[in-house]
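Reader: I am new to this structure and would like a close look at a single part of it. Please start there, and then take me on to whatever belongs beside it.

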Amino acid sequence: MPGLKNHFEPLYDQDRNLVGIWLSPELWLKAQAALSPVIDKALEALSPESVKEQPEPIKDWEALIQFWDFDYPLPTDVSCKQCGSHTEDWQKDEPRVFRLRSASLGGLVNFQCQKCKARIIKKHFKKHIDVDCRPFVEK
C-alpha cells in the first residue's frame, strides 16, 4: 500500500517487542471520530482505576450561595424526569442521587442523575426557575 509508512508505523524496541503505533496527524484527523470511542473503552478496560469520578465543583456552588440575591431561597431539590429519581436536598444524600456538575454565578446549575445519567439543568431567573432534563447520550 503506497504511503503506508508515511501515515502508520508500528514501533518496536531493541528486542522486536511492539511498544506502540505511530499515526500521522493526517491519518489521526481522518480516523479520530471512529477511533477515539474505541480507544477510550479500551483504556477503561486496561486501567479501570484511572477512570475516577471528577469531584463536584462545591466551591462554585458555595459562591452561588454567597452571592444569591434573588427573591426566593436557592432550591436544593432535584428531580429527574427520565427515571423518576428525586431528592429534596441533593447535598444531604449519601450516596448521592444527583451529582453537581457545574454551578455559575449567573444561576445556571447542572446536575447528573446517578441512576440514568441524565442531565438536569436548572436555570435560575429573578422570578422563576426553568428546569430541563436531558437524557444521557453516549459520546
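Author: Let's start with the hairpin that strands S7 and S8 form, with four residues between them. Strands here are DSSP runs of E with at least two residues, helices are runs of H or I with at least four, and both are numbered from the N terminus. S7 covers residues 119-124 and S8 covers residues 129-134, and the two pair in the antiparallel sense over six bridges. Pairing means that DSSP finds at least two bridges between two strands. One bridge to look for joins His 124 to its partner in S8, Ile 129.

A word on what you are looking at: this is a predicted model, in which local features need pLDDT of at least 70 and side-chain atom pairs count only at pLDDT 80 or more, while totals for chains, interfaces and linings use all residues. Residues are numbered from 1 along each chain as its sequence is written, and side-chain values use heavy atoms, with hydrogens and water left out.

Just ahead of S7, the loop between strand S6 (108-113) and S7 holds Lys 117. Lys 117 has a positive phi of about 70°, although it is not a glycine. Its relative accessible area is 33%, so Lys 117 counts as partly exposed; buried means under 20%, exposed over 50%, and partly exposed lies in between (1.4 Å probe, protein chains only).

Now for some cysteines. Which cysteine sulfur is closest to that of Cys 133? The sulfur of Cys 80 is, at 4.0 Å, which is too far for a bond. Cys 80 in turn has its closest cysteine sulfur in Cys 116, 3.5 Å away, and that is also too far. A disulfide needs a pair of cysteine sulfur atoms within 2.5 Å, and by this rule the count is zero. Cys 80 is buried, with a relative accessible area of 4%, and Cys 133 is buried too, at 14%.

A second hairpin is worth setting beside the one we began with. Strands S1 and S2 form it, with five residues between them, and they pair in the antiparallel sense over five bridges. Arg 16 sits in the loop between S1 and S2. Like Lys 117, Arg 16 is not a glycine but has a positive phi, here of about 65°. Arg 16 is exposed, with a relative accessible area of 60%.

In this hairpin, Pro 10 has Ile 21 of S2 as its bridge partner. Ile 21 is partly exposed, with a relative accessible area of 43%, and together with Phe 8, Tyr 12 and Leu 18 makes a nonpolar surface patch of about 370 Å². S1 (8-12) and S2 (18-23) each supply at least two residues of that patch. A patch takes residues with over 30% relative accessible area and no salt bridge, joining like charges within 9 Å and nonpolar side chains (Val, Leu, Ile, Met, Phe, Trp, Tyr) within 5 Å.

Elsewhere, look at the loop between strand S4 (86-87) and strand S5 (98-103), where you will find Pro 95. The peptide bond leading to Pro 95 from Glu 94 is cis, with omega near 0°.

Finally, how far to trust the picture. The mean pLDDT (the predictor's confidence in each residue, from 0 to 100) is 87 for the chain, and 92% of its residues reach 70 or more. Confidence is lowest in helix H1 (residues 4-7), with a mean of 75, and highest in strand S3 (residues 78-79), at 96. Where pLDDT is low, the predicted coordinates should not be read in detail.

Terms used: Accessible areas come from the Shrake-Rupley method with a 1.4 Å probe; for residues, only the protein chains shown count as cover. A salt bridge is a side-chain nitrogen of Lys or Arg within 4 Å of a carboxyl oxygen of Asp or Glu.
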